[in-house]
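Here is a report on the fold, with an eye on its aromatic side chains. Please have the viewer open beside you as you read.

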Amino acid sequence: MLLVATSAAGAWTALARWRAKPSATKTLVVGEASSTTSSAPRSAVAVVNEPSTNTAGPARAPDGPNEEDRLYGAAHAAHFFGRDPAKALAAWNAYLRRYPRGTLAPEARYNRALALLRLGRTADAVNALRSFVDGPSGYRRAEAQALIEALTKP
């Protein structure tokens with residue numbers, strides 16, 4: 001079973017703050033998981049989180065979160081703080097069903113791929129990550145490529 005852990009260094013508690021200031025780096029640890037020992041071999045893949053140039057959505061009003069923000073915020077909380085990848089995946093799916101072209105849809109799709117990895121659904125995650133590598137925007141292309149390479153190494 002693959003263990004993929006993300007460091008939520010710089011994870012923000014307020015959605016507005018999260019959107020305004022992207023984290024500098026996330027470290028992904030890929031290796032064999034073991035319930036009896038923590039000395040399993042692991043390799044770290046550093047993934048730089050670059051600011052999005054995606055301007056596909058309207059700016060948010062300063063009067064508070066709307067439905068899109070609430071759905072995204074629930075998924076973000078489940079993903080980064082809930083420690084329940086199944087719940088996080090369900091929340092990302094709910095956001096993407098309602099807002100497939102939402103302001104934060106690219107990030108939601110990327111985080112959905114990470115949730116799939118945490119659930120051991122490696123093939124599904126690799127397929128989800130390929131859309132970033134092959135996509136026209138270049139958003140998270142380097143991170144997705146690094147993950148795919150780490151996950152598909154013989």
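The text below goes from the overall architecture to the aromatic pairs and then to a single helix.

**Overall architecture**

What you have here is a predicted model. The protein holds six helices and three strands. Read from the N terminus, its elements come in the order β-α-β-β-α-α-α-α-α. Of the 154 residues in the protein, 36% are buried. The accessible surface amounts to about 8700 Å², and carbon and sulfur atoms account for 55% of that area. If you take the contacts between residues at least 6 apart in sequence, 54% of them join residues at least 24 apart.

**Tyr95 and its surroundings**

A good place to zoom in is Tyr95, found in helix H3, which spans residues 85–98. Is Tyr95 buried or exposed? Its relative accessible area is 0%, so Tyr95 is buried. Leaving aside residues up to four places away in sequence, Tyr95 touches Glu68, Leu71, Tyr72, Gly102, Thr103, Leu104, Ala105 and Ala108. One of these contacts, Leu71, is 24 residues away along the chain, yet its C-alpha atom is 5.6 Å from that of Tyr95.

**Aromatic pairs**

How many aromatic pairs are there? The count is five. Two of them are set out here.

| Pair | Distance between ring centres | Angle between planes | Geometry |
|---|---|---|---|
| Tyr72 and Tyr95 | 5.5 Å | 80 degrees | edge-to-face |
| Tyr110 and Phe132 | 5.6 Å | 90 degrees | edge-to-face |

Why is the pair of Tyr72 and Tyr95 edge-to-face? The planes of Tyr72 and Tyr95 stand at 80 degrees, and planes over 60 degrees apart count as edge-to-face. Because Tyr72 sits in helix H2 (residues 67–80) and Tyr95 in helix H3, this pair ties together parts that are 23 residues apart in sequence. Tyr72 has a relative accessibility of 0% and so counts as buried. Ring pairs also build a cluster, made up of Tyr72, Trp92, Tyr95 and Tyr99.

The pair of Tyr110 and Phe132 has its planes at 90 degrees, so it is edge-to-face. Tyr110 belongs to helix H4 (residues 105–118) and Phe132 to helix H5 (residues 122–134), so the pair ties together parts that are 22 residues apart in sequence. Tyr110 is buried, at a relative accessible area of 1%, and Phe132 counts as buried at 6% relative accessibility. Tyr110 has a further partner in Arg140, which lies over the face of the ring at 4.2 Å from the ring centre.

**Helix H5 and its two sides**

Phe132 leads on to the helix that carries it. H5 has 13 residues, and the reach from its first C-alpha to its last is 18 Å, close to the 18 Å expected at 1.5 Å a residue. Which residues of H5 are buried? They are Ala125, Val126, Ala128, Leu129 and Phe132. These buried residues cover an arc of only 165 degrees around the axis, so they lie on the same side of H5. What covers the buried residues of H5 includes H4 and helix H6 (141–152). On the face of H5 turned away from its buried side you will find the exposed residues Ala123, Asn127 and Asp134.

Note on methods. Residues numbered from 1 in each chain as written. Predicted model: local features only at pLDDT ≥ 70, side-chain atom pairs only at ≥ 80, totals over all residues. Heavy atoms only, no water. Helix = DSSP H or I, 4+ residues; strand = E, 2+ residues; numbered from the N terminus. Buried < 20%, exposed > 50% of the residue type's maximum accessible area, 1.4 Å probe, protein only. Contact = heavy atoms within 4.5 Å. Areas by Shrake-Rupley, 256 points an atom, 1.4 Å probe, with all protein chains shown as cover. Phe/Tyr/Trp six-rings, centres within 6.5 Å; stacked < 30°, edge-to-face > 60°. Lys NZ or Arg CZ within 6 Å of the ring centre and 35° of its normal. Expected span 1.5 Å × (residues − 1). Arc of directions from axis to C-beta.
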